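Hello,

Here is the structure I promised to pass on. Please open it first, then read my notes below.

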Amino acid sequence: SVFKSNQIGSIAVAEQIARIIRSKAAKGQQAVLGLATGSSPIKVYDELIRMHREEDLSFEHVVTFNLDEYYPMSNRSTKGYNYFMHEQLFNHVDIKPENIHIPNGEISIQEVHDYCADYERKIDEAGGLDVQLLGIGRTGHIGFNEPGSHLESRTRLVKLASLTIQDAVNDFGREELVPSRAITMGVHSVFKAKKIIMLAWGEKKAPIVKEAVEGEVNEKVPATFLQKHPDVEVVLDEHAALHL
Ligand code: GLP
């Protein structure tokens, strides 16, 4: 879907997420949300917070799993995704702390393998993701699944592409300060979600959006794998849709 602005598109996405939360709650079930960081979902989170405040949208029975986190990364660092998610959403709604899952950038390298397998298991135990929210990086990454990531990839430690590192310089100040690795859910882990909503705003994303949506499906642009998912919605503003 193409919207006039990212504001209008974000409200439409927040409404879909709220509908999932409410319909699950009506059945006495928890909603399991796959969440993303970066600038793209910020207005979606703003709108969910507004709905929590003004329209009784409760997160009491919501379980969340975030896509990724830089590695290594302190959970208190203002640069990390743990901090970002609390600032942008969790601190402002009634979600239970034990229902929040974000890959832990503080674990030791020896623990990473088991930690990732466990993260994956927890998603399954929660009943799988009802919806996965995604942004897209200019390399075509989803989460931090950079070019070369397979359709079968699971939660794991990865190296960031140099374009991704350059795009993160804004947040970290200098290239040397950007972590070179991250823990990310795999393409497979994302793909298992019942529904996927991918967001992209602005002209900077237009070329990669075209490749993701119209390009040949292959691991050079991991976002192309989404073309094979049975329930995907790509939500764009007019600028990001420029080349379609
Ligand atoms: C980071 C995140 C991705 C996100 C991407 C795009 O690399 N790990 O999940 O999709 O940035 O960021 P933005 O939404 O700021 O363009």
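Serine 74 is partly exposed, because 13 other C-beta atoms lie within 10 Å and the cut-offs are 20 or more for buried and 12 or fewer for exposed. Bear in mind that this is a predicted model. Serine 74 sits in the loop between β4 and α3 (81–88). What does serine 74 touch, leaving aside its neighbours within four places in sequence? It is in contact with Gly80 and Glu106. Histidine 229 is another matter: 155 residues separate it from serine 74 along the chain, and their C-alpha atoms are 34 Å apart.

Strand β4

The loop brings us to β4, which covers residues 68–71. Are its residues buried or exposed? Asp68 and Tyr70 lie on one side, Glu69 and Tyr71 on the other, and all four are buried. Both faces of β4 are therefore covered, and in a regular strand the side chains alternate between the two faces of the sheet. β4 runs antiparallel to β8, and four bridges join the two. One pair to look up: glutamate 69 has isoleucine 183 of β8 as its bridge partner.Helix α4

Next, go to α4, residues 112–125. This helix has 14 residues. From first C-alpha to last it reaches 20 Å, close to the 20 Å expected at 1.5 Å a residue. Its buried residues are Cys116, Tyr119 and Ile123. Seen down the axis of α4, these fall within an arc of 55 degrees, so they line one face of the helix. That face packs against several elements: the buried residues meet β3 (62–66), β5 (100–101), β7 (156–159), β8 (181–184) and α7 (187–191). The other side of α4 carries exposed residues, namely His113, Asp114, Asp118, Arg121, Asp124 and Glu125. Glycine 127 follows α4, with a positive phi near 105 degrees.

Helix α1

Now compare α1, residues 6–26. It has 21 residues and reaches 30 Å from first C-alpha to last, close to the 30 Å expected at 1.5 Å a residue. Which of its residues are buried? They are Asn6, Gly9, Ser10, Val13, Ala14, Ile17 and Ile21. These cover an arc of only 135 degrees around the axis, which puts them on the same side of α1. The face turned away from that buried side holds the exposed residues Ile8, Arg19, Ser23 and Ala26. Just after α1 comes glycine 28, with a positive phi of about 75 degrees.

The sheet

Seven strands form an open sheet with parallel pairing. Their order is β1-β10-β9-β6-β2-β3-β5. Why is one side of β1 (2–3) and of β5 left without a neighbour in the sheet? Both stand at the edges, so each has a single partner strand. For β1, two bridges make a parallel pairing with β10 (residues 232–237). Valine 2 has leucine 236 of β10 as its bridge partner.

The ligand

Finally, look around the ligand. There are 13 residues around it. Gly38, Ser39, Ser40, Gly135 and Gly137 come nearest. By type, the shell divides into four nonpolar residues, eight polar and one charged.

Best wishes

Terms used
Residues numbered from 1 in each chain as written. Predicted model: local features only at pLDDT ≥ 70, side-chain atom pairs only at ≥ 80, totals over all residues. Near = placed C-beta within 6 Å. Nonpolar A, V, L, I, M, F, W, Y, C, P; charged D, E, K, R; others polar. Expected span 1.5 Å × (residues − 1). Arc of directions from axis to C-beta. Contact = placed C-beta atoms within 7 Å. Pairing = 2+ DSSP bridges.
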